[in-house]
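Student: I should like to learn how empty space in a protein model is read. Could we work through an example together?

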Amino acid sequence: MTGRLDRRKFLALAAIGAAGVAGAAGVAGCGSGDEPVVRLASGEVGGFYHAFARLLAAAAADAGTVRIEPVATSGSRDNLAMLARGDAQAGLALADSSRGAPGGVLALGRVYENYFQLAVRADSGVRRVAELQGRRVNLGAQGSGAALTGERILLAAGLDPATDVIVEHRPLRDAAVALRSGAVDALLWAGGVPTAALEVPLRMRLVDLGELAAPLRQRYGHIYDRVEIPGNAYPGASAIHTVGVANLLLASPALSDEAAAAIVDLLAGRPDALVPAEAAGTQFLDARSLIGTGPIPLHPGAAAAYRRRHG
C-alpha cells in the first residue's frame with residue numbers, strides 16, 4: 001500500500017492512538033451498572049495510543065455498554081506482556097510487535113496506520129539513516145513497538161544496532177529534550193502526525209525513510225508500507241515518505257464475548273468520536289479494514305459483532 005494523501009484528506013482521514021507509562025491489575029468485572037469493565041493497555045501519555053484509549057473510554061461511557069479503563073504504558077510490547085499476564089484485557093500494539101505474541105492474543109480490529117518518524121535537529125547534516133553511524137539514536141522507550149521496529153529500520157539501512165550506533169531508550173518527552181540539547185543525535189517515534197513533542201520544522205527535521213520500506217518488506221513481510229507525510233502536516237515542513245505499519249486493538253482470550261462485541265460496536269459505530277486532536281494519520285475505521293488483522297484471529301465476540309453488522 002502506498003499512502004499518498006494531500007493535507008486536507010490526510011487531516012480529514014485522521015487516525016487514532018497514542019503512548020504512555022505503566023501499570024494495571026485486575027480482571028474484568030462489573031461497573032456501576034451491569035456493563036463489563038475492560039482494562040485497556042494504551043501507551044505513553046501525550047501519544048497516539050493513550051489519546052485513542054481515552055476517546056474510546058469516553059465513547060464507551062456515553063454508550064453505557066462497556067466500561068473501559070485506559071492504562072498508561074510504554075507501548076506495544078509492554079501492552080502485549082500485560083495481556084499475557086492478565087493485567088489488562090485489551091491493548092494496542094503495532095502489527096509487527098504482535099506477531100508471535102504470547103498468550104494466544106486475539107484481535108478486536110485493525111484501527112489505523114502508525115507513522116515512523118525519525119527526527120534530528122533542524123541543523124543536523126543527517127539526511128539518510130545510514131548517516132547515523134557512530135551517533136546516539138533513541139529508539140523509543142523500553143517496551144515500545146518503536147524499539148523493535150527501530151532496530152529493523154537500522155538493519156535495513158545497513159547498520160548494526162549493536163555496534164554501528166549508540167542506542168538509547170527514553171520516553172518521547174525525555175528523548176525530545178535530549179535531542180534539543182544534543183545528548184542524542186536522532187529519535188525514532190511511532191505515532192500520528194503531527195506529534196506535538198516533535199518541534200518540526202522549527203527545531204527538528206524528519207528524515208525521509210521511504211527508501212527503507214521495500215527492504216523491510218523483503219526481510220519481514222508485507223506489514224510495512226511506504227507512506228507519505230504531506231507537506232504542511234507539520235506546518236511549514238516539506239513532504240517526506242516514511243514507513244507505516246498497522247496498529248491492532250487486541251484482546252486477551254479471557255475477554256468476554258459481550259465486552260468484545262461492545263467494543264466493536266464502538267469502533268464501527270462511532271468512528272468520528274475516536275479521532276484524537278493530538279494526531280492525524282490514515283484511518284482504518286470501516287468494516288473492510290477493521291477485520292484485516294492478518295495472522296491475529298478475531299476474538300469470537302468481535303467476529304460475531306462484525307457478522308451482525310455486515311453479514
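Tutor: The following exchange treats the overall fold and then the empty spaces. Please note that this is a predicted model.

Student: How many helices and strands does the protein have?

Tutor: The secondary structure consists of ten helices and 13 strands. Of the 311 residues in the protein, 57% are buried. Among contacts between residues at least 6 apart in sequence, 79% join residues at least 24 apart. The protein exposes about 12,200 Å², and carbon and sulfur atoms supply 50% of that area.

Student: How is empty space located in general?

Tutor: Rolling a probe the size of a water molecule over the atoms reveals where space is left empty. In this case, the largest pocket holds about 230 Å³ of space. Its lining comprises 16 residues, and those closest to the centre are Ala95, Arg110, His222, Ile223 and Ala246. Helix 4 (95–98) and strand 13 (240–251) are the elements that give two or more residues to this lining.

Student: What is the lining of the largest pocket by class?

Tutor: The lining of the largest pocket has seven nonpolar, five polar and four charged residues.

Student: How many cavities of 30 Å³ or more are there?

Tutor: The count comes to three cavities of 30 Å³ or more. The second largest cavity contains about 40 Å³ of space. Among the residues that line the second largest cavity are Leu118, Val129, Gly150, Ile153 and Leu188. Helix 5 (residues 145–156) gives the largest share of that lining, three residues.

Student: Which classes make up the lining of the second largest cavity?

Tutor: That lining divides into eight nonpolar residues, one polar and no charged.

How values were computed:
Residues are numbered from 1 along each chain as its sequence is written. This is a predicted model: local features need pLDDT of at least 70, side-chain atom pairs count only at pLDDT 80 or more; totals for chains, interfaces and linings use all residues. Side-chain values use heavy atoms; hydrogens and water are left out. On a 1 Å grid over the protein atoms alone, a cavity is a set of points where a 1.4 Å probe fits but cannot get out, and a pocket is an open set with protein on both sides within 12 Å along at least five of seven lines; lining residues have an atom within 4 Å of a point. Grid points are joined across faces, edges and corners, and a volume is the space filled by probe spheres set on the points. Helices (H or I, at least four residues) and strands (E, at least two) are DSSP runs, numbered from the N terminus. Ala, Val, Leu, Ile, Met, Phe, Trp, Tyr, Cys and Pro count as nonpolar, Asp, Glu, Lys and Arg as charged, and the others, Gly among them, as polar. Buried means under 20% relative accessible area, exposed over 50%, partly exposed in between (1.4 Å probe, protein chains only). Contact means heavy atoms within 4.5 Å. Accessible areas come from the Shrake-Rupley method with a 1.4 Å probe; for residues, only the protein chains shown count as cover.
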